[in-house]
Amino acid sequence: MNGDRLRAHSQYNVDGRLFIKFVALIIYAEASRVMKEKKLFNKYTVKELFAELKKLKITHIEKNDPILSELSKRQKIIFDAFGIQEDTLHSY
């Protein structure tokens, strides 16, 4: 989360950026809470956790269902800690 200046020319843009930062802070706080509860801070930082999850890709092929890339071992550990089942990921 970058806390630098907002650099916006209108109040509308400032409000939008503040809202995005607020939602990101909520997600960051919840991820930190779960990581602390499940003792994931021994292996990862929050930044590393999000970097690992960022590697997931969804491929869309015409007239077919979207295909989720294969989960790595680290990603499976993260999803298990957060209580997310692998089969529910395929429904998105």
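This section describes a nonpolar surface patch and the salt bridges of a predicted model.

The nonpolar patch on the surface is formed by Phe19, Ile20, Phe22, Val23, Ile26, Ile27, Tyr28 and Phe50. Together, these residues present about 770 Å² of accessible area. The largest contribution comes from helix H1, which spans residues 11-37 and supplies 7 residues to the patch. Among the members of the patch is Ile26, a residue located in helix H1. The relative accessible area of Ile26 is 46%, and Ile26 is therefore classed as partly exposed. This value satisfies the patch criterion of over 30% relative accessible area.

Charged side chains were examined next. Side chains of opposite charge can pair when their charged atoms come close. In the present model, 4 salt bridges are found. One of the pairs joins the side chains of Arg33 and Glu37, with an N to O distance of 3.1 Å. Arg33 and Glu37 both belong to helix H1 and lie 4 residues apart, so that about one helical turn separates them. Arg33 is partly exposed, as its relative accessible area amounts to 42%. The pairing of Arg33 with Glu37 is part of a wider arrangement, in which Glu30, Arg33 and Glu37 are linked in a network of salt bridges.

Glu52 takes part in a salt bridge with Lys55, in which the closest N and O atoms are 3.3 Å apart. The two partners differ in their exposure to the surface: Lys55 has a relative accessible area of 52% and is exposed, whereas Glu52, at 5%, is buried. The assignment of Glu52 follows from the cut-off for burial, because buried residues are those under 20% relative accessible area.

A salt bridge also connects Glu52 with Arg74, the closest N and O atoms being separated by 3.6 Å. This pair links distant parts of the chain, since Glu52 lies in helix H2 (residues 46-54) and Arg74 in helix H3 (residues 73-81), 22 residues apart. Arg74 has a relative accessibility of 38% and accordingly counts as partly exposed. The buried residue Glu52 thus has a salt bridge to the exposed residue Lys55 and another to the partly exposed residue Arg74.

Methods. Residues are numbered from 1 along each chain as its sequence is written. This is a predicted model: local features need pLDDT of at least 70, side-chain atom pairs count only at pLDDT 80 or more; totals for chains, interfaces and linings use all residues. Side-chain values use heavy atoms; hydrogens and water are left out. Patches are made of residues with over 30% relative accessible area and no salt bridge: like charges are joined within 9 Å, nonpolar side chains (Val, Leu, Ile, Met, Phe, Trp, Tyr) within 5 Å. Accessible areas come from the Shrake-Rupley method with a 1.4 Å probe; for residues, only the protein chains shown count as cover. Helices (H or I, at least four residues) and strands (E, at least two) are DSSP runs, numbered from the N terminus. Buried means under 20% relative accessible area, exposed over 50%, partly exposed in between (1.4 Å probe, protein chains only).
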